[in-house]
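Got your viewer open and a selection box ready? Here is a walk through the structure, one stop at a time.

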Amino acid sequence: MPYTELPNSSFLDFTSWRSGASAPSGGPVVTNFTLNVALILDRANDPSTLLNANWASRQKQLDTLNDNGTLWSTYGADPAKYNQVKAELAGLGIKTVAQVAAEHGAQSGYISSAESRTIWVQVDQTNIDKLFGPGFALRGADNNWHWEGNLSLPDGWASTLGVKGLWFDTTNFNAMVPTPGNGTLVPLPQGWQSPGNASTSPTNIFPQQIADQYYNFPFSGDLWNPASGMAPQTGTIGLVESGVGAAVPNGSFGALLNHYRAQAGINTPAQWTSIALGGEAYPTVQPPAFNPAGERSLDVGVVTTINPQSPMVLYAGSGTAFGAQYDTFTAYQSSFWDLVNNPSVITSSFGFTAQVTPGSPFYFAAQQLFIDAALRNITVFNDAGDGGSGNQNGNGLTNVGTSRASPYAFMVGGTAYSTVQSALADETLTDVVSQAMAHDKATIWQLMAGGLTAMPNPSNVSALLIEAVWNEYYVTGTTIASKANGTGYQHNNTGSGGVDPSRPAPWYQTAFGLDPTTSDPSALHGRGVPDVAADAGGNMHYLVPGPAMTALGPDSGTSAATPLWAALASQIDTIFNDQGLPNLGYANDLFYIAAAIAPGGYNDVTLGINTSSFTKGGIYTSESEPITPTGYGYHAGPGYDLVTGLGTPNGTLLARAVSAIAHKQMYSTSPAMLDVDGSGWNSAADQSLMFQTMSRSDASVHLGLGSGALDFTSGASGSFAWTMRLAQQSLQSDFDPNLVRLFDKYAHGWVGQTVVASGDSVSVSVDGASARAIQGLLTSDFGFADFVNDIAAVRVARPVAVAETAGGANDVTAIVRLRQNGENNLQLSFYKVDDLAGTVDGKRPGEVGYEAAAAAHAYELTSGGRSINGPGYGNYDQAGILKVDAGDIIAMKLVNTTTGAHYWAFANANEQVDGRAVGHLWNYGLNTWGWEDQHGGGDHDYNDLLVQLDFTSSAGHGWLI
Ligand SMILES: [Ca+2]
Ligand SMILES: [Ca+2]
Ligand SMILES: [Ca+2]
C-alpha cells in the first residue's frame, strides 16, 4: 500500500516547537511496546461562521442545530469517511482500542466517535509501520522515544478522508531543548523577583472566603450556604483530573470530601462522580515532583466550597488499561463528550504537550478539541501554567502552552492577594503600605483600580490592600529558589503568561485594541495569554485537602485560580438560566466586551512581573541544574496585561455586565450608537451625542459630523478625574464614602453636545491629529465610543439609556444605583423620551413646554413618587424605576435643591456660559452617568451624583440586585 507523508509531523513538531533543539536521530529501535494513537478527522463542515458570530447568534444557531438533531452531522466527521477509515484500519490489521477492550469484555476510557471525529487505535512493534509507513520505527531508550523524519499515512487518508489530526497517549515523547543552550545571560536582582509575595503573615483561608470576601461572587451568605435552603442549584462542573480521578490511598473519596466540606462549614454531602473507565490510580511521588493527586484535591476543594451545590464530575481520561497512559487530551475528550452528566463548565489545571508546531497534525488535534467544547456549549477554563514567561521551557524565549491556548477557552493567570495584615508583614510592600496608610492619593488611586473598597487602615486587617502578580522566585547569589519549596524556573512559582505566536490574536482581543507581541527578540504577534486571573498564592493561599484528601493545608497556583473562575462561570450560568438565558458556553467575547463597557467588573492588577525565560547550562542554579536566565518576560500594568489578562473578578459586577450584554445581543433591536464602514464611523440614528474630552493639557477638539462640524477647546483633566472603573466601583453599597470624598473636585475637560442625523459621518481630531475609536466595535452597541490619539481621548456618548430588558420584557423594574459626591442637596427624576434626541410630545429639549412634557412622562419609583433624593455627600442609595418597557428611551433631570437650579441631560436645555450650552452629564460606561450640579459646570468633576440604570438584574429571582 502506498503512503503519503504528512507535512510538519516530525517528532519536534509534536514536542518541541521553537526549542532550537536538533532533531533526535539514531538510537535503538524500540522492539516491545504498545502505543495508543488518535486519528482525528476534519469536520464535515467548517464551523467558522458560527464561531465568529456574536454570542447570542451562536446560541441561537446551536439551539436550532440541536433541535434539528443536525449539530454533529454538520460539524462532526462525515460518517461515511469516518467508517471508511475504520474499514481501512481493519484491512491493515490495526485494531481500535475499543476493539482491544471488547476482546477483554471491557470498555476503554477513550472517546472514539464520528461526532468527536476521533478513532483511538492501538499499534505495536509489529504494525506501527502499517499506520505510519514502511520502515517506520520508534527509537530511543525506555520512556524516552522519538521518531525520525515525518510521519506518513496511507494514501488518501489525509487528502480524501480528512484524517488531519494525530495525538498520542504516551508519556514517552518528551520535549527537548538544547543542552547547553546559547542564551545571553541577564543577571537577576538579589532577593524577591517581584513584590507582594513575601509576607511572613500570609492569609490561609477557605476558597469560598476568597470568592466571597475578595472577589464578590454573586452567591454568598444564604445564597451560598446549602443549609439555608435558599442556595440555588448550580450546574455541573467537570474537572479534568488525568489519571488520578477520585483515587485516594486510604478511605473513601466521598467521605473524605464530605469531611473537608464540614471543615469549611458545609454540612451537606457533596454530589460527585468519577469517570474513569480506563482506571484511576493514586500516584506515589515525592515533593517537589508534580503530584497530580494534589492538583486534583486543590481543584475539588476550590469548586466544592465555592459552589457547594454544583455536582462535580472528575475525569481520569484513558487511565492505564489497554496500553493507556492518561494523557490529558483523553481526559478533555471524556469531559467534552460526557453526554450523561453534561457539565456546562470544565476546569483543567492539567496540561498536555505544550509546544506543538502550528500547521502540524498535532496542532490540528488540539485546536479542534476546544472547538468541540464550544459546539457542545461548554465553558472551558485552562490554567495558564505556573512557569512564568518561560513556561518552564528552556529555549531562552518567552512561551505559553500553545496547544491549550485556544481562543475558545479562558486562559487563567495568577495573582498574589494581600490583605492589610499580610501586606504589613511583606518587606517588598513597605513603600506602598506606608503611602497607603498615609492616604497618599496617587497610591490609593492605583489601589482602587485594583479593587480597594475601604480606606486603608492598619486595624482593618482582613481588608484588601493590594493584588500583585503571583511570583515566588527568590534569588540568593546565583541560586534561584522559592523560599516556600526551594524550586526555581523549572517549577511552579509564578503565573505563566505572554503571547501564543502559533495563532493570531482572536477578534475579541483585536477589537479590545490589543496586538499581543512577544517580548523576546522574535517579537512575534499572536494570542494574548491569559484572559483573566485570580489569586494563586504568594500572600494568600487556599485551604484545601492534601493529595490524599486528608490533611487540610494551604495550596496555590494558577491551578487554584482556574477552578475559582469555573465556579464563577457556573454561578453566572445559574443566573443566566434564572433570567431565561442559555448557558455561557464559549463566551470569551462577552467577557472582553464587559471589560470595555463595565471595567468595574474586574480588579486591575498593575504590579509585578513574571520573568523567567532561560536556557540550559550556565552559572545560575535552578533545581540544582545549571541555567542561564535570559531576562524576557512580562509585567502587569494598567488595563489588560500579559500576566494577569483583564484582571481578577468582581464577580457580582461582572455577572451584571455579562447579563446585560447577553440580553442586549439576544433581544434588543435598537440601533448601535455608531456603525462602521470602510470610510469610518457613522451615526446609526438621529440622536443627541455628548463629546467628553479627557486630556493632560488644553486640547482643541474638532468633530466632523456629516457636512457640519463642532469645535471647542477643553481644559486639562485633573489628576484624579473619575474613571468609568471608579464610577462603577463606587456604585457598590459597601464602597467606602471616605474614598469617594477623597477624590472629589477633580475636573474633567469640556463636554460638547449636539444632535447628529442618522448616517452622518462622525470623526474626531484633537490638536489637528485624528483620533481612533479603538474599542468602538465593542462599546458602540452600549452607547459610547472613545476616540483616542496621543493627546486626548474624546468619548462620544449618548445622554440617555435604552431599556434593554431581560428577555425583551415589558413592565419591568429597572434598578437605579446612586452615589453622591457633591455637597448640595440633590433630587433626580427619570422620564421617557420619544427619540434619542430627547424629544417629548413633539417638544425638543430647551423648547418652551419641555419641562411640563417631561414631567408628564416621569417614571414612578419604587421609593414612591417620581423623584429620588440624593443620598448625601459620599453616600450610596438604591431604588427602582417602575413599569419600564423594552426599548424605552430614558432621560434624566437633576434638581439642585440647595441652589434651585434644574439641569438636563441635554446641554441645549441648560444654561449658557460664554455663548456655549453647558453639559451637566458625563458618561461612565454601561448605563452609568455622573452629574455636575453647579451652574456653568462648577468644578467640572461630573461626580456630584453618579447614576446607574440596570435593566436585567431584577429578572428571575433578582439575585444580582
Ligand atoms: Ca492590569
Ligand atoms: Ca462638581
Ligand atoms: Ca463632586
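Start by selecting N821 and D944: both of them are buried. Keep in mind as you click around that this is a predicted model.

**Stop 1: calcium ion (ligand 3)**

Now bring up the calcium ion (ligand 3) and show the protein atoms that hold it. You'll find D744 (OD), N821 (O), D941 (OD), D941 (OD), N943 (OD1) and D944 (OD), at 2.2 to 3.1 Å from the ion. Along the chain, these donors are spaced as D-x76-N-x119-D-x1-N-D. N821 sits in the loop between β41 (812-820) and β42 (826-833), while D944 sits in the loop between β50 (928-931) and β51 (945-950), so this pair ties together parts that are 123 residues apart in sequence.

What about the geometry of the calcium ion (ligand 3) site? It is irregular, with 6 donor atoms and angles among them of 45 to 166 degrees.

**Stop 2: calcium ion (ligand 2)**

Which residue coordinates both the calcium ion (ligand 2) and the calcium ion (ligand 3)? Select D941: it bridges the two ions, which lie 3.8 Å apart. D941 has 0% relative accessibility, so it counts as buried.

Next, show what surrounds the calcium ion (ligand 2). Its protein donors are E932 (OE), E932 (OE), D939 (OD), D941 (OD), D944 (OD) and D944 (OD), and they lie 2.2 to 2.7 Å from the ion. Their spacing along the chain reads E-x6-D-x1-D-x2-D. The site of the calcium ion (ligand 2) is irregular, its 6 donor atoms making angles of 50 to 166 degrees.

Pause on D939 before moving on. Is it buried, partly exposed or exposed? At 27% relative accessibility D939 falls between the 20% and 50% cut-offs, so it counts as partly exposed.

**Stop 3: S733**

Jump to S733, in the loop between α20 (724-730) and α21 (737-742). Its relative accessibility is 57%, so S733 counts as exposed. Select Y876 alongside it: the two residues are 143 apart along the chain, but their C-alpha atoms are separated by 5.9 Å. With residues up to four places away in sequence set aside, S733 touches R819 and Y876.

**Stop 4: the second largest pocket**

Switch on a surface and look for the second largest pocket, with a volume of about 1700 Å³. To centre your view, select P638, M694, T723, M724 and D786, which lie nearest the middle of this pocket among its 47 lining residues. Colour by element next: α15 (441-449), α18 (588-597), β31 (687-695), α20 (724-730), β38 (784-788), β39 (792-797) and β49 (921-923) are the ones that give two or more residues to the lining of the second largest pocket.

**Stop 5: the largest cavity**

How many cavities of 30 Å³ or more does the structure hold? There are 4, and about 380 Å³ of space lies in the largest cavity. Its lining has 30 residues, and A660, F782, L926, N927 and L949 are the closest to its centre. The elements giving two or more residues to this lining are α19 (651-667), β40 (801-802) and β51. Highlight α19 in particular, as it gives the most to the lining of the largest cavity, with 5 residues.

**Stop 6: T558**

Select helix α17 (residues 558-578) and zoom in on T558. T558 has a relative accessible area of 0%, so it is buried. A polar atom of its side chain lies 3.4 Å from the backbone oxygen of G385. Show the surroundings too: beyond its neighbours within four places in sequence, T558 is in contact with D383, A384, G385, D386, V412, G413, G414, W470, G495 and A536.

**Stop 7: S403**

For the last stop, pick S403, found in the loop between β15 (379-383) and β16 (410-419). Buried or exposed? With 2% relative accessibility, S403 counts as buried. Draw a distance from the side chain of S403 to the backbone oxygen of T353 and you should get 2.7 Å. Leaving out residues up to four places away in sequence, S403 touches F352, T353, A354, V356, A366 and F370.

Notes:
Residues are numbered from 1 along each chain as its sequence is written. Chains are lettered from A and ligands numbered from 1 in the order in which they are written. This is a predicted model: local features need pLDDT of at least 70, side-chain atom pairs count only at pLDDT 80 or more; totals for chains, interfaces and linings use all residues. Side-chain values use heavy atoms; hydrogens and water are left out. Donors are N, O and S atoms within 2.8 Å of the metal (3.2 Å for Na, K and Ca); water is not among the atoms, so sites may look incomplete. Four donors count as tetrahedral if all angles lie between 85 and 135 degrees; four count as square planar and six as octahedral if opposite donors are over 155 degrees apart and all others between 65 and 115; anything else is irregular. Buried means under 20% relative accessible area, exposed over 50%, partly exposed in between (1.4 Å probe, protein chains only). Helices (H or I, at least four residues) and strands (E, at least two) are DSSP runs, numbered from the N terminus. A polar contact is a pair of N or O atoms within 3.5 Å; within protein, one must be able to donate a hydrogen and the other to accept it, and residues adjacent in sequence count only if both atoms are side-chain atoms. Contact means heavy atoms within 4.5 Å. On a 1 Å grid over the protein atoms alone, a cavity is a set of points where a 1.4 Å probe fits but cannot get out, and a pocket is an open set with protein on both sides within 12 Å along at least five of seven lines; lining residues have an atom within 4 Å of a point. Grid points are joined across faces, edges and corners, and a volume is the space filled by probe spheres set on the points.
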